[in-house]
Amino acid sequence: MKKRTVFLFTTVIMVLSTFWKGYPIEARELQHDTTAAKQLEFIRRNLTGLQEMKFSDARQYFEVSLKDLTELEKNYAGTHEALEATFYKGTVYIQFKSYDKAVHQLDTVLKQEGLNENFKARALYFKTQALIGKGDLEAAKKTVVELRKIEPRAANAFKDQLNNIARVGMEAPTFKEADITGKLIDLAEYKGNITIIYFWATWCDPCIQEFPKVKKIYYDFKGKGIRFIGVSLDDDIRDVQGFVQHEGVEWPQIFDGKRWDGKLPSLYFVQAIPTLFVLDREGRIRYIGNDTKSISRIAATLLTESAEVPLFR
């Protein structure tokens, strides 16, 4: 069953084969080491081989790869292969949703003197992914501007996401839809509260993995002026009903069985899940992403801010 959620190494292969196939990645100030190159190629092949596995099944192998990449960095410090290991660590951290660590690794690569444009473009591409993941929208936009100077096709891969980012600060599209119990959910009636709209599906491994954190946000703010609405992209309503019952989910769930072609994913231009929208009391979008720490911080601040406080960026 095809999942539209962006998984790291599927993206890696797309990036390497479509945008930069056949182009070397070099840093002129660094020397190559033959032994390190062989080790790096072995790690790279192992990572590529994980692309068809569910993240929950592949997690331990990713952890081993991170350890191997760190050892390579240490043992061959100052070589081109060590810098490549740093790059790959950044991409793996994205898979783990450790976005701050990913940005740190990729910035380390970007600071290297003599980096050729191909290597720089790859680092900028994945740095943009990490920044979008953590909700640092302004930094993501600036990074894409830099990427566009080098590789416009790679920058265009973020077109849809950037269109989505541009909607931060705008009024959220309104809707009236029945939830899985038949109750009408009218977004207009949620004004006056902070509202979190959660796009997800039971077939989405990252959604299930992150669900306990989302559930914690709900209970942390329950009864304090923050309300939740779930939007399921599942194929079968029984999957949603079963999960909601098993997990004791208290917030309403909207379902239409059309996946990405559903009314709300299309209305909100959702391109990957999990994705959460945080709306302020006036119904303006103040955050789009899936960084639960940022969502908690923003939600807490929105509860205390006045209407004149600048928008989150």
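**Exercise 1. Describe the link between Cys204 and Cys207.**

Solution. Cys204 and Cys207 form a disulfide (a pair of cysteine sulfur atoms within 2.5 Å), with their sulfur atoms 2.5 Å apart. This is a predicted model, in which local features need pLDDT of at least 70, side-chain atom pairs count only at pLDDT 80 or more, and totals for chains, interfaces and linings use all residues. Residues are numbered from 1 along each chain as its sequence is written, and side-chain values use heavy atoms, with hydrogens and water left out.

Next, take the geometry: the angle about the S-S bond is 80°, and the link of Cys204 and Cys207 is right-handed. Then take the surroundings: both Cys204 and Cys207 are buried (under 20% relative accessible area, 1.4 Å probe, protein chains only). Finally, the count: the structure holds one disulfide.

**Exercise 2. Compare the span of helix α4 with the expected value.**

Solution. Helices are DSSP runs (H or I, at least four residues), numbered from the N terminus. The expected span is 1.5 Å times one less than the number of residues. Helix α4 (residues 80-95) has 16 residues, so it should span 22 Å. Its end C-alpha atoms are 23 Å apart, which agrees.

As for cover, 16 of the 16 residues of α4 are buried. After α4 comes Lys97, whose phi is positive, near 60°.

Technical notes: Buried means under 20% relative accessible area, exposed over 50%, partly exposed in between (1.4 Å probe, protein chains only). Helices (H or I, at least four residues) and strands (E, at least two) are DSSP runs, numbered from the N terminus.
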